[in-house]
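Visitor: I should like to look closely at a single part of this model. Please take your time, and explain each term as it arises.

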Amino acid sequence: MEIKYPEVIVEIANSHDGDKEFFFQIIDQIASFSYPNLSVKLQIFSPDTISLRDYEWYEVYKKITFDDIFWNDCIRVCNSKIGKTWIDVFDLFGINVVKNNIQKISGIKLQASVLENQEVIQILHSIDLTNIRLMLNVSGHSLKKIDILLKSFIKMNPKELILQIGYQAYPTNIEETGLQKIKVFKSLYDYKLCLADHLDASTEAAIDIPVYSLAIGCDLLEKHICLDREKTKYDYYSSLCYEEFESMFSKIDNFIKSKSGPFISISENEYLKGTLQIPISSHDLTLGSLISIEDLKFRRTSQKGLSYQEIINIQDKFMLLKSNIKMNSTISSLDFKKASIGVVIAGRLKSSRLKRKAVLPIMGKPSIQRCMESCLNIPKIGKVILATSTLDEDAELEHYLIDDERLFFYKGEPDDVIKRYIGACEKHQIDVVVRVTADCPFVSEEIATVLLEDHFKSGADYTAPKKYSVGTSCEIINVSALKKVIKYLGNADLSEYMTWYFQNNPNVFKVNIVNLPSKLIRDYRLTLDYQEDLDMFEKLLTALDGKPINIENIFEVLDLNPDISTINSHILLKYKTDKKLIDFLNKVTKIQLSDSN
């Protein structure tokens, strides 16, 4: 029966000390080993994409790194002399070397401190890994966190997924080797396990412990190498020399002792905290805005800060930035405040197609009052503001306010609706505005809730649905984004078509287009602009026969009574069908960024 030897991954790490000649001498020594199932692992990174300059090891990183041309040649030599090459990926530089050599490598390893580096992970998702083994070092992470992390990496569909234990501090104590995790992982996961111990190489335990791990259930081993510990400057602490590698499989003495220690030791946890690549602001962030993945890069730093998931969790609670954050800064929970969310209904009495439509009665109640009632039903909002112009003809609208302490009246810019919105929001201290137009008497609180939650979760500037029944939806906009439009353009004379200023400028704003649940989507027209709309609303409310006016009941009536919806279904939306208008809006609402922006 053929004996299958477990793979031993010999890691050169940084024991080459930045010397290319020394590097190739180590490769030659690995190639001379008698063990039948060997591979080599290379650590590839750039000082500027693994850390900021304030990190304590930054200057050392500069001394021991090579350019991509060297690494391409090194991978070729390793394959020729040893056969299998693994790459230890830490940052964008390393993942790009992998991408350029994907046909030449056997596996990719991610350290525990890299597993949430979204820069690396996003590129990894774009690489075909069907012929590549992917190894994840999960030291320092709880079982709950490991389950969450695995979901993302399983989707990459690698040839094989391997979990690794052992954290990379030099040297680790024997009690912190982590062999007690092996049986736990074996009972929970159907993946191979690898041990990467970093014990003091001058002790017998450095040779014994890998053998113990195989006895308990590990499938692969990873071990550092150097030519001479006395002459090596970096990564020599746990690196075995030639003779020690040759005798590694004969040792078993320290098996019992190696099982001790907690699942996550204090120093292991501290090491993870100290080396974790955490979110850093990739540019200046503005107070009143939300944070998305587009605003972040991931680096090791001496600064304290939140993880990406912690940022998302905070924003899920409807929090946003309470102050400006400079580029290259970490994010703190103290940077957030509870967002003031309000609805602003833009409405005037001038209307050419249906005179004074805002105050026309629908089943005895003015349309604008039905709109206000719908908006007051939206959860999480503090105020609802009816915002009209300063013209005398629109002052009458104030008399239609319904009796609710959350409802306010505001008079502002007649034609520049964005400036009117900014004025209303500044007066009432609103951070995030739910944009509604007064010609929508039956705005859906259900749709508004979905959009609000997704807006904060995604860290957007602007959120809108992809498909919806006209008149049922709204848009969610950060007031800081409204101000940015005026900053760049001075005026927004066509901001009655406010949507264009955001959706037409995805290079300026974080635009979030949401797929609503199918139950909230139909193709009905539920906006008031023509007499046919008014006639349809009258019949709709008659058919509702006193049932609560919500999107579920409205759709149920219209689904069962197509004769009602056909009253106004022939009317087309000009801003969706008039090509001349669309081309014009696309042109005049475009923000042209200069280098100074």
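What does Glu-270 count as in terms of its relative accessibility?

Guide: Glu-270 counts as partly exposed, at 44% relative accessibility. Buried means under 20% relative accessible area and exposed means over 50%, with partly exposed in between (1.4 Å probe, protein chains only). Before going further, please note that this is a predicted model, in which local features need pLDDT of at least 70 and side-chain atom pairs count only at pLDDT 80 or more, while totals for chains, interfaces and linings use all residues. Residues are numbered from 1 along each chain as its sequence is written, and side-chain values use heavy atoms, leaving out hydrogens and water.

The side chain of Glu-270 meets that of Lys-273 in a salt bridge, at 3.8 Å from N to O. A salt bridge is a side-chain nitrogen of Lys or Arg within 4 Å of a carboxyl oxygen of Asp or Glu. Lys-273 is exposed, with a relative accessible area of 54%. Because the two residues are three apart in helix H11 (residues 266-275), about one helical turn separates them. Helices (H or I, at least four residues) and strands (E, at least two) are DSSP runs, numbered from the N terminus.

Helix H22 (residues 579-588) offers another pair, Asp-583 and Lys-579, which lie four residues apart, about one turn of the helix. Their side chains form a salt bridge of 2.8 Å, N to O. Asp-583 is partly exposed at 39% relative accessible area, and Lys-579 is exposed at 59%. Elsewhere, Glu-11, Lys-41, Asp-88, Lys-109 and Glu-222 are joined into one network by salt bridges that share partners.

By the same rule, the count comes to 33 salt bridges. One of them joins Glu-7 to Arg-133, with the closest N and O atoms 2.6 Å apart. This pair links distant parts of the chain, since Glu-7 lies in strand S1 (residues 7-11) and Arg-133 in strand S5 (residues 133-137), 126 residues apart. Glu-7 is buried, at 6% relative accessibility, and Arg-133 is also buried, with a relative accessible area of 12%.

Glu-7 leads on to Asn-37, which touches Tyr-5, Pro-6, Glu-7, Val-8 and Lys-84, residues up to four places away in sequence not being counted. Contact here means heavy atoms within 4.5 Å. Asn-37 sits in the loop between helix H1 (20-31) and strand S2 (38-44), and Asn-37 is buried, with a relative accessible area of 19%.
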